[in-house]
Amino acid sequence: MSELFSEFSKAVIEGNLDDIVGLTKDALDRGLNAKDILDKGLMPGMDHVGAEFKAGNLFVPEVLRSARAMQSSMSLIKPLLAETGAAMTGKLLLGTVKGDLHDIGKNLVGMMCEGAGFEVKDMGKDIEPDVFVEAVQEFKPDILGMSALLTTTMRSMEHTIKALEEAGVRDRLKIMIGGAPVTQTFADQIGADGYASNAASAAELAKKLMS
Ligand code: B1M
C-alpha cells in the first residue's frame, strides 16, 4: 500500500498529469480512502517540492507543473472529502491587494497551501480593503493571505487590516502577508501575524498559524 502512496508523491514531484489522473481513478475504484490519498500521497509529494523550491533546486515552472498535477488529483478526491466530512487543514482566503495586478507569486502560494491541505479561496488581484472584509465575513477563513509586488501597493495591506479592525472581524483570523517588497519588519509594523518570503514558506507558515 505504501508503494501506491509513493507513486502519488512521485507523480506530484514529476508534475505528471496523465499518471496522476489514472492513479487517482484507479485508487478510488479500488476503494482507497480519499483522505489517505491526500495525506499519505499528495501532501508528502508537495512537501518535497516545497523543500526543493526553497533550497533553490526547483524553479517556478516546475512547481507550477507539480501544483497542476496535485490539483487534477484533488479535483477528483475533493467531492469525496466533502462527503466523508474529512477536515481540511484550514480555510485560507487569498488575494493581491488594491492597485496591484501581479498574481503569479500569489497563485503559487495558493497552490502550495492547497498542497498543504488548505481549502483556498482565491479572490484574484486588485482587491479593495472593503472587498476583503466582505469576503472574510462570508467565507470565514482561518487565515487571510495578502500579496503585494509594488512598494506603492504594500500600504493597502495596512489599510485592509484597519478595515478588518473597523468591521470587528480582525480577531477572528490570522493574517499572513508576502510579496517581493514585503519584509518581516513591515509585517510587524502593520500588525500582520506572519510574513513568508516564498510559496513553500507560506504553506509552512499557514500550518504554523493554525496550531
Ligand atoms: Co511588474 N513590477 N509591474 N509586472 N513585474 C515588478 C514587481 C518590478 C520589481 C519590476 C522592476 O522594476 N524590476 C517592479 C516593482 C518595483 C517596485 O515597486 N519595487 C514592477 C513594476 C514597476 C510594474 C509596473 C508599475 C510597470 C509599469 O507599468 N510601469 C506595472 C504595475 C501594474 C500593477 O500591478 N498595477 C507592472 C506590471 C507587470 C505585468 C502585468 C506586466 C506582470 C505581472 C503579470 C502577473 O502577475 N499576472 C509583471 C511582472 C511579471 C513583473 C516581474 C517581472 C515578475 C513578478 C513575478 O511574477 N515573479 C517583476 C520583476 C521581478 O520580480 N523580477 C515585476 C515571479 C513570482 C513567482 O515571484 O511574485 O515575488 P513573486 O512571488 C514570490 C514571493 O514574493 C512570495 O512567494 C512567491 C513565490 O515564491 N509571495 C508571497 C508572493 N506573494 C505572497 C503572499 C504570501 C507569502 C509569500 O502570503 C500571503
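1. A small definition to start: a residue counts as buried under 20% relative accessible area, as exposed over 50%, and as partly exposed in between. Please also keep in mind that this is a predicted model.

2. With that scale in hand, take D47, which sits in helix α3, residues 34-54. Its relative accessibility is 41%, so D47 is classed as partly exposed. You may like to look at S9 as well: 38 residues separate S9 and D47 along the chain, and their C-alpha atoms are 9.3 Å apart.

3. Now to the ligand and its metal. Which protein residue supplies a donor to the cobalt atom? The single protein donor is H102, through NE2, at 2.2 Å. H102 belongs to the loop that runs between β1 (90-96) and α5. The side chain of H102 also has an N or O atom 2.8 Å from a nitrogen atom of the ligand, so do look at both distances when you have this residue on screen.

4. Backbone atoms take part too. For G99, a backbone N or O atom is found 2.9 Å from a ligand nitrogen. For L101, a polar backbone atom lies 2.6 Å from an oxygen atom of the ligand. Both G99 and L101 are listed with H102, D103 and S147 as the residues that come nearest, out of 27 around the ligand.

5. What is the make-up of that shell? Its residues comprise 15 nonpolar, ten polar and two charged ones. Four elements each contribute at least two residues: helices α5 (104-115) and α9 (199-210), and strands β3 (143-147) and β4 (174-178). The largest contribution is that of α5, with four residues.

6. Helix α9 deserves a closer look, as one of the elements that supply the shell. At its N-terminal end, N198 acts as a cap, with a side-chain oxygen 3.1 Å from the backbone nitrogen of A200. Its length checks out as well: at 1.5 Å a residue, twelve residues should span 16 Å, and the 17 Å between the end C-alpha atoms agrees with this.

7. Are A199 and L209 of α9 buried or exposed? Both are buried, and so are A200, S201, A202, A203, L205 and A206 in the same helix. The cover over these buried residues includes helices α3 and α5 together with strands β2 (118-122), β3, β4 and β5 (194-195). Among these covering elements, α3 is the helix that holds D47, while α5, β3 and β4 also supply residues to the ligand shell.

Methods. Residues numbered from 1 in each chain as written. Predicted model: local features only at pLDDT ≥ 70, side-chain atom pairs only at ≥ 80, totals over all residues. Heavy atoms only, no water. Near = heavy atom within 4 Å. Polar contact = N/O pair within 3.5 Å; in protein donor to acceptor, adjacent residues only side chain to side chain. Nonpolar A, V, L, I, M, F, W, Y, C, P; charged D, E, K, R; others polar. Buried < 20%, exposed > 50% of the residue type's maximum accessible area, 1.4 Å probe, protein only. Donors = N, O, S within 2.8 Å, 3.2 Å for Na, K, Ca; no water. Expected span 1.5 Å × (residues − 1). Contact = heavy atoms within 4.5 Å.
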